[in-house]
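Trainee: Got a minute to walk me through this one? I'd like to get my bearings before lunch.

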Amino acid sequence: MTASKAAELWHISQRRVQVLCAEGRIPGVFKLGDAWAIPSDSSKPSDSRLKKTKKEQTENECD
């Protein structure tokens, strides 16, 4: 599928899908010319940009 189709399915922007592809966060993705080809069975990768809550940070410091 294309980046625009993935963006529609995953409810994120096409640009964000392109960034995920460029970072190698979607398994099996490859580039055809200027377009990204994404396997149709791919799932949306988790968002590592989200910050941890204070409770999660405290729990990690105690370990």
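**Walking through the fold**

Mentor: Let's start in the middle: the buried residues of α2 are covered by elements that include α1 and β2. Keep in mind that this is a predicted model.

Trainee: OK, which residues of α2 are buried?

Mentor: R16, V17, L20 and C21. Looking down the axis of α2, those buried residues fall within an arc of 145°, so they line one face of the helix.

Trainee: And what's exposed on the other side of α2?

Mentor: R15 and A22 are exposed over there.

Trainee: Hang on, there's an arginine in that buried set. How buried is R16?

Mentor: Its relative accessible area is 17%, and buried means under 20%, so R16 counts as buried.

Trainee: What does R16 touch, then, leaving out residues up to four places away in sequence?

Mentor: R25, D47 and R49.

Trainee: Does R25 have a partner of its own? I mean, which side chain meets R25 in a salt bridge?

Mentor: That's E23, with an N to O distance of 3.6 Å. R25 is partly exposed at 24% relative accessible area, and E23 is partly exposed too, at 48%.

Trainee: How many salt bridges does the structure hold?

Mentor: Two. Besides the E23 and R25 pair, E8 forms one with K5, where the closest N and O atoms are 3.9 Å apart.

Trainee: Where do E8 and K5 lie?

Mentor: Both are in helix α1, three residues apart, which is about one turn of the helix. As a rule, an α-helix has 3.6 residues a turn, so residues three or four places apart point the same way.

Trainee: Are those two exposed or buried?

Mentor: E8 counts as exposed, at 54% relative accessibility. K5 counts as partly exposed, at 38%.

Trainee: While we're on α1, which of its residues are buried?

Mentor: A3, A6, A7 and W10. Seen down the axis of α1, they fall within an arc of 100°, so they line one face of the helix. Their cover includes α2 and β2.

Trainee: Take A6. What is it in contact with, leaving aside neighbours within four places in sequence?

Mentor: M1, V17 and I38.

Trainee: Which residues make up the largest nonpolar core?

Mentor: There are 11 of them: A3, A6, A7, W10, V17, L20, C21, I26, V29, W36 and I38. The elements giving two or more residues to this core are α1 and α2.

Trainee: Which element gives the most?

Mentor: α1, with four residues.

Trainee: Changing topic: what happens at the ends of those two helices? Start with the residue just after α1.

Mentor: That's H11, which takes a positive phi of about 60°. And α2 is followed by G24, whose phi is also positive, near 75°.

Trainee: Let me zoom out for a second. How many helices and strands are there?

Mentor: Three helices and two strands. Along the sequence the pattern reads α-α-β-β-α.

Trainee: What share of the residues is buried?

Mentor: 24% of the 63 residues in the protein.

Trainee: And how much area does the protein expose?

Mentor: About 4,900 Å², with carbon and sulfur atoms supplying 51% of it.

Trainee: What about contacts between residues well apart in sequence? What fraction is 24 or more positions apart?

Mentor: Counting the contacts with a separation of 6 or more, residues 24 or more positions apart account for 33%.

Trainee: One more. I've got my eye on S42. Where is it found?

Mentor: S42 sits in the loop between β2 and α3.

Trainee: Buried or exposed?

Mentor: Buried, with a relative accessible area of 15%.

Trainee: So what's around its side chain? Which backbone oxygen lies 3.1 Å from a polar atom there?

Mentor: The one on P39. Not counting residues up to four places away in sequence, S42 also touches M1, W10, I26 and P27. Two of those names should ring a bell, since W10 and I26 are in the core list we went through.

Trainee: Nice. I'll go find S42 in the viewer.

Technical notes
Residues are numbered from 1 along each chain as its sequence is written. This is a predicted model: local features need pLDDT of at least 70, side-chain atom pairs count only at pLDDT 80 or more; totals for chains, interfaces and linings use all residues. Side-chain values use heavy atoms; hydrogens and water are left out. A nonpolar core is a set of buried Ala, Val, Leu, Ile, Met, Phe, Trp, Tyr and Cys residues joined through side-chain atoms within 4.5 Å. Buried means under 20% relative accessible area, exposed over 50%, partly exposed in between (1.4 Å probe, protein chains only). Contact means heavy atoms within 4.5 Å. A polar contact is a pair of N or O atoms within 3.5 Å; within protein, one must be able to donate a hydrogen and the other to accept it, and residues adjacent in sequence count only if both atoms are side-chain atoms. Accessible areas come from the Shrake-Rupley method with a 1.4 Å probe; for residues, only the protein chains shown count as cover. The arc is that of the directions from the helix axis to the C-beta atoms. A salt bridge is a side-chain nitrogen of Lys or Arg within 4 Å of a carboxyl oxygen of Asp or Glu.
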